[in-house]
Amino acid sequence: MAAENEVVNNESPPSAVAAEPHSIFDRRQKGLITFIVATAATFSGFASNIYFPALATIADDLKVSVELINLTVTSYLIFQGIAPSLWGPLSDVRGRRVAYFLTFLVFLGACVGLAETKNYATLVILRSLQSSGSASTIAVGSAVIGDITTREERGGYMGIFQAGLLAPVAVGPVIGGALAASLGWRSIFWFLTIYGGVFLVFLVFSLPETLRADVGNGSVKSSNPITKYPLNLYQKFTTIKFTPQAQPVRAAKRAKLDVIGPFRILFSKQSVSLILFLAIYYAVWQMSITAMSVLFEQRYNLSETQIGLTFIANGVGSIIGTLITGRILDAEYRRVKIKYEANLPGTELETGSAHSPDTQHDDPEFPLEKARLRLLPILAFLQCASIVTFGWTTQYRVHIAVPIITTFFTGWTVVSIVSVVTTYLIDIFPEQKAASSASVNLARCLLAAGGTSIVTIIIDAVGVGWTFTIAIAAQVVAFTGVVIQWRFGGKWRVEADKARRQAEKENE
């Protein structure tokens, strides 16, 4: 049988294989898939942010301190970092649909338990379990975007994905505050249960399998019902011309389940400095929004509903920022690509195919750092400015409009940084898309967990202004990671590509 397949593949002309699109999904279908995975990713944000306005109420109801309730935020962030390290590699092996289904089952079970919890210990355990289910939708969703897009268009779709993912930052606290004030804090988790159950049904019937080891560019006619449906409908209605395949063509080899893959990416010299930079900036952001609800209650005497409304600026900034950043990433990539290809011999003859958005180009010599990382210095500076302004204006009880406005810019910049770095890592680890996203989650969530667990302690010791001034000092040091990546990233990518090719030759 293997021999027969080999003969069939040899009979296919090379030009036919080369003419196959990177993905059979047309623009409309890519938009639908992006909408589905972005909506799936909202569960991570909803489960986290919808909870913030009710922190003080939950502490009173369970008769524990606010500091202990803040530890449930910490536990959530810890498992938000760890869980994708399992679910991400699982989706890279067993498929995106299987991973989604299992993660949502875990999430729904935890939400039901949280709605009925009677004590603090159960709250901590079930919040951790809830995080294990919801957080992985980010890593799997990023992988789906990586499956269906080329480098040239990936930034824009990743921006849309991140915008959907961050919508709960804007509306989650508003919904949470309203539910907690009118129906009690337990209604928050019943809301998440209903929302999650309805969406899981929608996802099962609308999201196609995209794992390239299973379906290649989407053209595979699979007999496996989990893979076949609803992919066959996308194949039927796409406007992209393709040749149906019995098995993936030019697809990544099926990997073995590798739960330490995200850890290897995290500590790889190709990525560690950039991931650490992102993690510190993300942790400072989480420290600010975790402290915000308590600070606004104590210093401005706001109610739960009013506290929820103050989070809108942060969420709106996050959404607008990542949409704009996604478009800039695509424009920057095209600009650098045109300049790079203009200097290649014989490029003039290939211009028509070289700039097709349906064709993937993975030249290791391409200056990817210039195409992806040029925005980071601007974003880093703006976040530092907004964080330090938030700290000192809150310290001196300046009109509440000022610290709220700063959260708009903090949200804008930090999620744009996440979008830039995640897109870059998917570019340099194309066969480990979910694992690369999981490595980002691991670092940023673990550092954020540490930061949120001590932020109120530091504020009590030195004040709000100095707390976030210290945080800015850490961010300035962390920016050296961007400098290192800009200087050595290209060299390390070329070395890694040579090592991979050599390993493939030895395994033949």
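Q: Which residues are linked with D92 in a network of salt bridges?
A: In this predicted model, D92, R96 and D147 form the network. The term salt bridge asks for a Lys or Arg side-chain nitrogen within 4 Å of an Asp or Glu carboxyl oxygen.

Q: How many salt bridges does a search of the whole structure find?
A: The search finds 12 salt bridges. One of them pairs K30 with E153.

Q: What makes K30 and E153 a salt bridge?
A: Their closest N and O atoms are 2.7 Å apart. The cut-off is 4 Å, so the pair qualifies.

Q: Why does the pair of K30 and E153 tie together parts that are apart in sequence?
A: K30 sits in helix α3, while E153 sits in helix α10 (residues 151-182). The two parts are 123 residues apart in sequence, so the pair ties them together.

Q: How do you know whether K30 is buried or exposed?
A: K30 has a relative accessible area of 3%. Buried means under 20%, so K30 is buried.

Q: What about E153, buried or exposed?
A: E153 has a relative accessible area of 13%. That is under 20%, so E153 is buried too.

Q: What makes R154 and D427 a salt bridge?
A: The distance from N to O is 2.5 Å. That falls within the 4 Å limit, so the term applies. R154 belongs to helix α10 and D427 to helix α22 (residues 401-428), 273 residues apart. Both R154 and D427 are buried.

Q: What is the N to O distance in the salt bridge of R372 and D427?
A: It is 2.7 Å. This pair also links distant parts of the chain: R372 is in helix α20 (residues 368-372), D427 in helix α22, and 55 residues separate them. R372 is buried, as is D427.

Q: How many disulfides does a search of the whole structure find?
A: It finds 0. A disulfide needs two cysteine sulfur atoms within 2.5 Å, so no cysteine pair meets that cut-off.

Q: Is C445 buried or exposed, and what shows it?
A: C445 has a relative accessible area of 0%. The limit for buried is under 20%, so C445 is buried. C384 is buried as well, at 12%.

Q: How does the reach of helix α24 (residues 464-478) compare with what is expected?
A: Helix α24 has 15 residues and spans 21 Å from first C-alpha to last. At 1.5 Å a residue, 21 Å is expected, and the reach is close to that.

Q: Which residues of α24 are buried, and why do they count as lying on the same side?
A: The buried ones are V464, G465, T467, F468, A471, I472, Q475 and A478. They cover an arc of only 160° around the axis, which puts them on the same side of α24. On the other side, W466, I470, V476 and V477 are exposed.

Q: How does helix α11 (residues 186-206) fare against the expected reach?
A: Helix α11 has 21 residues and reaches 31 Å, close to the expected 30 Å. Its buried residues include I188, F189, L192, F199, L200 and L203.

Q: Which residues form a nonpolar patch with L86 on the surface?
A: V259, I260, F263, F267 and V272 join L86. Together they have about 520 Å² of accessible area.

Q: Why is V272 called partly exposed?
A: Its relative accessibility is 31%. Partly exposed lies between under 20% (buried) and over 50% (exposed), so the label fits V272. A patch member needs over 30%, so V272 also passes that cut-off. V272 is in helix α16 (residues 272-300).

Q: What is noteworthy about the phi of K63?
A: K63 has a positive phi of about 60°, yet it is not a glycine. K63 lies in the loop between α4 (55-62) and α5 (66-82). At 73% relative accessibility K63 is over the 50% limit, so it counts as exposed.

Q: What is the phi of N301, and where does N301 lie?
A: The phi is positive, about 55°, although N301 is not a glycine. N301 lies in the loop between α16 and α17 (304-310). Its 64% relative accessibility is over 50%, so N301 counts as exposed.

Q: What kind of peptide bond joins Y229 and P230?
A: It is a cis bond, with omega about -5°. P230 is in the loop between α13 (225-228) and α14 (231-237).

Key:
Residues numbered from 1 in each chain as written. Predicted model: local features only at pLDDT ≥ 70, side-chain atom pairs only at ≥ 80, totals over all residues. Heavy atoms only, no water. Helix = DSSP H or I, 4+ residues; strand = E, 2+ residues; numbered from the N terminus. Expected span 1.5 Å × (residues − 1). Buried < 20%, exposed > 50% of the residue type's maximum accessible area, 1.4 Å probe, protein only. Arc of directions from axis to C-beta. Patch = residues over 30% accessible without salt bridge, like charges linked within 9 Å, V, L, I, M, F, W, Y side chains within 5 Å. Areas by Shrake-Rupley, 256 points an atom, 1.4 Å probe, with all protein chains shown as cover.
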